Amino acid sequence: MKVFVLGATGYIGGSVAVRLMAAGHQVVGTARTQDKARELEARGIQATVASFDDVDVLTRLAKEADAVINAASADDRKTVEVLLAALKGSHKHFIHTSGSSIVATDTGGTLTTQVHDEDMPIDPVPEKVARIALDTLVLDAKKDGIHTNVICPCLIYGKGLGLNPDSVQLPPLIKYARQTGTARYIGKGENVWSNVHIEDLTDLYLRVLERAPAGTFYFAENGEANFRDVVTAIGKRYDLPVGSMPVSEAEKLWGVELGRLALASNSRIHAKRARELGWKPHRPSVFDVIAEAK
């Protein structure tokens, strides 16, 4: 297939692009600058200089492709609407990337026991209501003649395969530990997030593209860990002491989205439907990757 990957310069999108090309697909993407476009071209990705506001360019690329994968933003409704409009009635594939903070609990570092699979109802924190609505919009577009799917990963770890090697949650914790001399979790650090290796995640994108029925939603995880254990592993790797910080300090450092809703919450999922599709994650654990971090 010829696949338009929105977010090809990013961590998820760049990694997905590499996996698709390894499987024999052709990948096209956009970059905001000519320099980034050249970097994509050097990796075998056909690149166009454009922003997400360039509606005509996005529409053209979507119509010219056999499939579209949005790995750029889980919350940008305007761009998704542009892509869905371009694909309406085409029966082409459209895969949208969500994120498991849709099931996050705002607990300030304490543990909750609920684990969600794809068939369970969700009671989101207010900040994630719009994201769930966007996921629903994508899935409902099946009725408009588009082969839609949503992939919802959790905490992603491992070195990215594309231009951006860094994930969202672990690098800030590692950077903070190395800069301050102390690795810190938030509150009690009992809060648990499911996690998945970036290369296992790219395998799921390929499997969903090639095999998934239209209108289906997939969690992506391969285990879970609490943040106290994760931060303790960071401290061990860099021979640093480990301690706690209050939620208020985390919010000042990283903002509400990362400091509270990502690093101090619980987000526990079970990728039941992905495994039923034949997805078999097998890459090293988050602790193995931290132990070998540079």
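In this predicted model, helix 3 and helix 4 are oblique to each other, since the axes of helix 3 (residues 55-64) and helix 4 (residues 77-87) cross at roughly 45°, an angle that falls outside the ranges counted as roughly parallel (under 35 degrees), roughly perpendicular (65 to 115) and roughly antiparallel (over 145). Two packed helices are described by the angle between their axes and the distance between the axes; for helix 3 and helix 4, the axes come within 9 Å. The crossing in which helix 3 passes helix 4 is right-handed. On the side of helix 3, the contact is made by Val55, Leu58, Thr59, Ala62 and Lys63, and these residues meet Thr79, Val82, Leu83, Ala86 and Leu87 of helix 4. Sorted by character, the residues of this contact comprise seven that are nonpolar, two that are polar and one that is charged.

Aromatic rings were examined next, and the count of aromatic pairs comes to two. In the pair formed by Tyr176 and Trp254, the ring centres are 5.8 Å apart and the ring planes stand at 70°, which is over the 60 degrees required, so the arrangement is classed as edge-to-face. Because Tyr176 belongs to helix 6 (residues 170-180) and Trp254 to helix 9 (residues 247-260), this pair ties together parts that lie 78 residues apart in sequence. Both Tyr176 and Trp254 are buried. In the other pair, the rings of Phe217 and Phe219 have centres 5.1 Å apart and planes at 85°, and this pair is therefore edge-to-face as well. With a relative accessibility of 11%, Phe217 falls under the 20% limit and so counts as buried, and Phe219, whose relative accessible area is 1%, is likewise buried.

Tyr218 is placed in strand 10 (residues 216-220). The relative accessible area of Tyr218 is 2%, and this residue is therefore buried. When neighbours within four places in sequence are left aside, the residues in contact with Tyr218 are Glu118, Asn149, Val150, Ile151, Cys152, Val208, Ala212, Pro213, Arg273, Ala274 and Leu277. A further spatial relation links Tyr218 with Asp117, for the two residues are 101 residues apart in sequence, whereas their C-alpha atoms are 8.8 Å apart in space.

Conventions: Residues are numbered from 1 along each chain as its sequence is written. This is a predicted model: local features need pLDDT of at least 70, side-chain atom pairs count only at pLDDT 80 or more; totals for chains, interfaces and linings use all residues. Side-chain values use heavy atoms; hydrogens and water are left out. Axes are lines fitted to C-alpha atoms, for helices over the stretch in contact, and angles run from 0 to 180 degrees between N-to-C directions. Helices (H or I, at least four residues) and strands (E, at least two) are DSSP runs, numbered from the N terminus. A crossing is left-handed if the near helix is turned anticlockwise from the far one by less than a right angle, and right-handed if clockwise. Contact means heavy atoms within 4.5 Å. Ala, Val, Leu, Ile, Met, Phe, Trp, Tyr, Cys and Pro count as nonpolar, Asp, Glu, Lys and Arg as charged, and the others, Gly among them, as polar. Rings of Phe, Tyr and Trp (its six-membered ring) pair if their centres lie within 6.5 Å; planes under 30 degrees apart count as stacked, over 60 as edge-to-face and the rest as tilted. Buried means under 20% relative accessible area, exposed over 50%, partly exposed in between (1.4 Å probe, protein chains only).
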